Amino acid sequence: MTDRDALAALVAEVVACRRCPRLVEWRERVAREKVRRFRDETYWGRPVPGYGDPDARVLIVGLAPAAHGGNRTGRIFTGDASGDFLFPVLHDVGFANQPVSHYRGDGLRLIDCYVAAAVRCAPPDNKPLPSERDNCAPYLARELRLLERVRVVVALGAYAWESAFRAIATVSGDAARPRPRFGHGADARAGGYQVVGSYHPSQQNTRTGRLTPSMLHDVLVRARDLSSE
């Protein structure tokens, strides 16, 4: 089996996962009950796998799918406000072929970049339990191992920052202790990978100006440049 085959098999395994009863119940209930603005849509309602360029040198890690974003569309950051903020910057930096993405199959193609979540199911209140985080952790580690060209991990938020170092420890044995402190623009090295931090593109950060497009742009340019060194 090639690594591309193994990556495709991992995607299928993630989509079928039912390890966390609380998350299974929540994601499926949201998919049934929907919200008014999406009442005519068929929700994905399953775990959301990673996606992107199998030859990527940059891995971007988020927290989890949004209840009416990735849980609806089947692709993290797709069809929600965080994606509306993220994709134009990915396109501007050269990581995406188009600046918008609203649904799977809309033509989006990631270039030298792969996107995944620390937790693959939408959690209530965007707060996974520690046990749910631990159940999902092997998926990110396996992705990192299979994405053999990845040299830089961009962590969107403190939760993703911690998850990235856990995955690196699993793959490389380097636990990076003491753990480097998260911050926007934070830059640390562990297990042969460079980890770069950014505030998460959630509305609580973007609407308040805590994270601006230029701030995220600078982080992604840094990641792109580091991946070429």
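Two residues are in contact when they have heavy atoms within 4.5 Å. The exercises below apply this and related terms to a predicted model.

**Exercise 1. Overall fold**

Task: State how many helices and strands the protein has, and determine why it is described as compact.

Solution:
1. The protein contains 8 helices and 6 strands.
2. Read from the N terminus, these elements follow the order α-α-β-β-α-α-β-α-β-α-β-β-α-α.
3. The radius of gyration is 16 Å, close to the 17 Å given by the globule rule for 229 residues, so the protein is as compact as a globular protein of that length.
4. Along the principal axes, the C-alpha trace spans about 50 × 35 × 35 Å.

**Exercise 2. Contacts and surface**

Task: Find what percentage of the contacts with a separation of 6 or more is due to residues 24 or more positions apart, and what percentage of the residues counts as buried.

Solution:
1. Among contacts with a separation of 6 or more, 69% join residues 24 or more positions apart.
2. Of the 229 residues, 52% count as buried.
3. The exposed area of the protein is about 10500 Å², and carbon and sulfur atoms supply 49% of it.

**Exercise 3. The pair D55 and R4**

Task: Explain why the salt bridge between D55 and R4 ties together separate parts of the chain.

Solution:
1. In general, side chains of opposite charge can pair when their charged atoms come close.
2. A salt bridge requires a nitrogen-to-oxygen distance within 4 Å; for D55 and R4 this distance is 2.5 Å.
3. D55 lies in the loop between β1 (51–52) and β2 (58–62), whereas R4 belongs to helix α1 (residues 3–15), so the pair ties together parts that are 51 residues apart in sequence.
4. D55 is partly exposed at 32% relative accessible area, and R4 is partly exposed at 47%.

**Exercise 4. The pair R72 and E41**

Task: Decide whether R72 is buried or exposed, and locate its salt-bridge partner E41.

Solution:
1. The closest N and O atoms of R72 and E41 are 2.8 Å apart, and the two residues form a salt bridge.
2. R72 is in helix α3 (residues 70–73), while E41 is in the loop between α2 (21–33) and β1, 31 residues apart.
3. Buried means under 20% relative accessible area; R72, with 8%, is buried.
4. E41, with 32%, is partly exposed.

**Exercise 5. A network of charges**

Task: Identify which residues are linked with R133 and D134 in a network of salt bridges.

Solution:
1. The side chains of D134 and R133 meet in a salt bridge at 3.0 Å, N to O.
2. The network links R133 and D134 with E162, R166 and R179.
3. The count for the protein comes to 16 salt bridges.

Methods:
Residues numbered from 1 in each chain as written. Predicted model: local features only at pLDDT ≥ 70, side-chain atom pairs only at ≥ 80, totals over all residues. Heavy atoms only, no water. Helix = DSSP H or I, 4+ residues; strand = E, 2+ residues; numbered from the N terminus. Rg over C-alpha atoms; globule rule 2.2 N^0.38 Å. Buried < 20%, exposed > 50% of the residue type's maximum accessible area, 1.4 Å probe, protein only. Areas by Shrake-Rupley, 256 points an atom, 1.4 Å probe, with all protein chains shown as cover.
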